[in-house]
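Q: I would like a close look at one part of this chain and at how that part packs against its neighbours. Please take me through it carefully, in connected prose.

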Amino acid sequence: MKWLQRIALFSFVLALVLPQLALADSGTDTFKAKCAMCHGADGAGKPAMGTKALSGKDIQKMSDADLTAAITNGKGKMPAYKGKLTDAQISDVVKFVHTLK
């Protein structure tokens, strides 16, 4: 009976963890494909292009809605990604950016 409880607990924990791991991978993949060319693979920014470090306080204090708007509609030199990325991809990138602290 104890082994059944352990299996059930393990399955429950696994069910909670796997979707978040998949989400992180999705945001990472989209970031690498669409954002890294200007923001750097690690989000540190590229001074020659005038891009900020995404781990900086200015970016990290932005709400999900503000980051979503910047990615969707563009901001400054950054182009808009509306129509180039799905809403789900943009949401995944926003979540990924917040991990770059």
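A: Two elements are said here to be in contact when they have heavy atoms within 4.5 Å of each other, and that is the sense in which packing is described below. The model is a predicted one, and the part chosen for the close look is helix H4, which covers residues 64-73.

For the setting, the chain contains 5 helices and 0 strands, so that its pattern, read along the sequence, is α-α-α-α-α. Of its 101 residues, 29% count as buried, and the chain exposes about 7,100 Å², of which carbon and sulfur atoms supply 64%. Among contacts with a separation of 6 or more, 42% come from residues 24 or more positions apart.

Within H4, the buried residues are Leu67, Ala70, Ile71 and Thr72, and these buried residues pack against both H3 and H5. In an α-helix there are 3.6 residues a turn, so residues three or four places apart point the same way. That spacing is useful to keep in mind when reading the list of buried positions, which includes Leu67, Ala70 and Ile71.

The partner described in most detail here is helix H5, residues 87-97, which packs with H4 at an angle of about 125°, the two axes lying 10 Å apart. Because angles from 65 to 115 degrees count as roughly perpendicular and those over 145 as roughly antiparallel, this angle makes H4 oblique to H5. The crossing of the two helices is right-handed. On the H4 side, the residues that meet H5 are Asp64, Leu67, Thr68, Ile71 and Thr72, while H5 contributes Ile90, Val93, Val94 and Val97. Sorted by class, this contact has 6 nonpolar, 2 polar and 1 charged residues. Leu67, Ile71 and Thr72 are thus named both among the buried residues of H4 and among those that meet H5.

After H4 comes Gly74, whose phi is positive, near 80°. On the other side of H4 in the sequence lies H3, residues 57-60, and the loop between helix H2 (36-39) and H3 holds another glycine, Gly56. Gly56 has a relative accessible area of 24% and is therefore partly exposed, since buried would require a value under 20%. The C-alpha atom of Gly56 is separated by 9.8 Å from that of Gly45, a residue 11 positions away along the chain.

Terms used
Residues numbered from 1 in each chain as written. Predicted model: local features only at pLDDT ≥ 70, side-chain atom pairs only at ≥ 80, totals over all residues. Heavy atoms only, no water. Axes fitted to C-alpha atoms, helices over the stretch in contact; angles between N-to-C directions. Helix = DSSP H or I, 4+ residues; strand = E, 2+ residues; numbered from the N terminus. Parallel < 35°, antiparallel > 145°, perpendicular 65-115°, else oblique. Left-handed = near helix turned anticlockwise from the far one by under 90°. Nonpolar A, V, L, I, M, F, W, Y, C, P; charged D, E, K, R; others polar. Buried < 20%, exposed > 50% of the residue type's maximum accessible area, 1.4 Å probe, protein only. Areas by Shrake-Rupley, 256 points an atom, 1.4 Å probe, with all protein chains shown as cover.
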